[in-house]
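Here is a short tour of a protein chain for someone meeting it for the first time. Take a look at the sequence and the structure, then read on.

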Amino acid sequence: MKGLPRRTNLPPLILSKTFIGSVVPPPKVAPRKKVPPIQAADVVRLHDMLIVKKRRLQGTVSGMRSEALEKDEAVSHDSIADHGTDMFDQDITLSLVENEQAIIQSIDEALVKISEGLYGKCENCADNIRKERLEALPFARLCLDCQEAQESGRG
Ligand SMILES: [Zn+2]
């Protein structure tokens, strides 16, 4: 009786069982593209952009504010009939001022981050914010993903 050559070192059945058991489909997670950190030269340029933007906004804010105050003085001497519309205009002007002041504050925060070397990082997930996004919005606090998530969360 001729036996088959014994291959004791490779038990085929157990091997294949182990193989099948270990086949777990890899999790289908889209690899997140790593955003490169912002370059120092870009930070310098964006810093200048922030300063210019801040100056421009401050000019606008003080201009608008004095305009609103002038209107207020004018209103007090005017007839009551005109009063309503002027108050309305003044409200709009002041809310614009508030909005611009909020941007100035964001710019100030961005400037602090630059000085602390934290500029260009998302405040939520700490990922690097894309350079293109910073070019468009140098005082962006969140990466695009987090910004969109926050906006959609608000409804
Ligand atoms: Zn983020």
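## The core

Let's start in the middle of things. The largest nonpolar core brings together 11 residues: Ile-38, Leu-46, Ile-107, Ala-110, Tyr-119, Ile-129, Leu-134, Phe-139, Ala-140, Leu-142 and Cys-143. That fits a general habit: in soluble globular proteins, nonpolar side chains tend to be buried together.

One member of this core, Ile-38, has a list of partners worth following. Setting aside residues up to four places away in sequence, Ile-38 touches Val-43, Tyr-119, Gly-120, Asn-128, Lys-131 and Leu-134. Tyr-119 and Leu-134 turn up in the core list too.

## The overall plan

Keep in mind that this is a predicted model. The protein chain has five helices and zero strands, so its pattern along the sequence reads α-α-α-α-α.

Of the chain's 155 residues, 8% count as buried. As for contacts with a separation of 6 or more, 61% of them in the protein chain link residues 24 or more positions apart.

## How confident is the prediction?

The protein chain has a mean pLDDT of 81, with 70% of its residues reaching 70 or more. Among its elements, helix H4 (residues 131-136) has the highest mean pLDDT, at 96, while helix H1 (residues 12-22) has the lowest, at 51. Over residues 14-18 the pLDDT drops below 50, and that stretch has one contact in the model beyond near neighbours in sequence.

## The loop between H3 and H4

Two residues in this loop are worth a stop. Asn-128 sits in the loop between H3 and H4, and it counts as partly exposed because it has 17 C-beta neighbours inside 10 Å. Not counting neighbours within four places in sequence, Asn-128 is in contact with Val-35, Pro-36, Pro-37, Ile-38, Gly-120 and Lys-121. Its C-alpha atom is separated by 9.9 Å from that of Leu-118, 10 residues away along the chain.

Ala-126 is in the loop between H3 and H4 as well. Is Ala-126 buried or exposed? It counts as exposed, because 10 C-beta neighbours lie inside 10 Å. Its backbone has a quirk, too: the phi of Ala-126 is near 65°, a positive value in a residue other than glycine. For background, most residues other than glycine have a negative phi.

## Stops along the helices

Ala-40 belongs to helix H2 (residues 40-77). It is exposed, since just 9 other C-beta atoms are within 10 Å and the cut-off for exposed is 12 or fewer. Between the C-alpha atoms of Ala-40 and Gly-117 there are 9.6 Å in space, and 77 residues along the chain.

Ala-136 is in helix H4. With 9 C-beta neighbours inside 10 Å, Ala-136 counts as exposed. How many residues along the chain separate Ala-136 and Leu-46? They are 90 residues apart, yet their C-alpha atoms are separated by 9.9 Å. Leu-46, for its part, is one of the core residues.

Finally, Asp-89 lies in helix H3 (residues 80-116). Asp-89 counts as partly exposed because it has 14 C-beta neighbours inside 10 Å. From C-alpha to C-alpha, Asp-89 and Lys-71 are 9.0 Å apart in space, with their positions 18 residues apart in sequence.

Methods:
Residues are numbered from 1 along each chain as its sequence is written. This is a predicted model: local features need pLDDT of at least 70, side-chain atom pairs count only at pLDDT 80 or more; totals for chains, interfaces and linings use all residues. Helices (H or I, at least four residues) and strands (E, at least two) are DSSP runs, numbered from the N terminus. A residue is buried if 20 or more other C-beta atoms lie within 10 Å of its own, exposed if 12 or fewer, and partly exposed in between; C-beta atoms are placed from the backbone. Two residues are in contact if their C-beta atoms, placed from the backbone, lie within 7 Å. pLDDT is the predictor's confidence in each residue, from 0 to 100. A nonpolar core is a set of buried Ala, Val, Leu, Ile, Met, Phe, Trp, Tyr and Cys residues joined through C-beta atoms within 7 Å.
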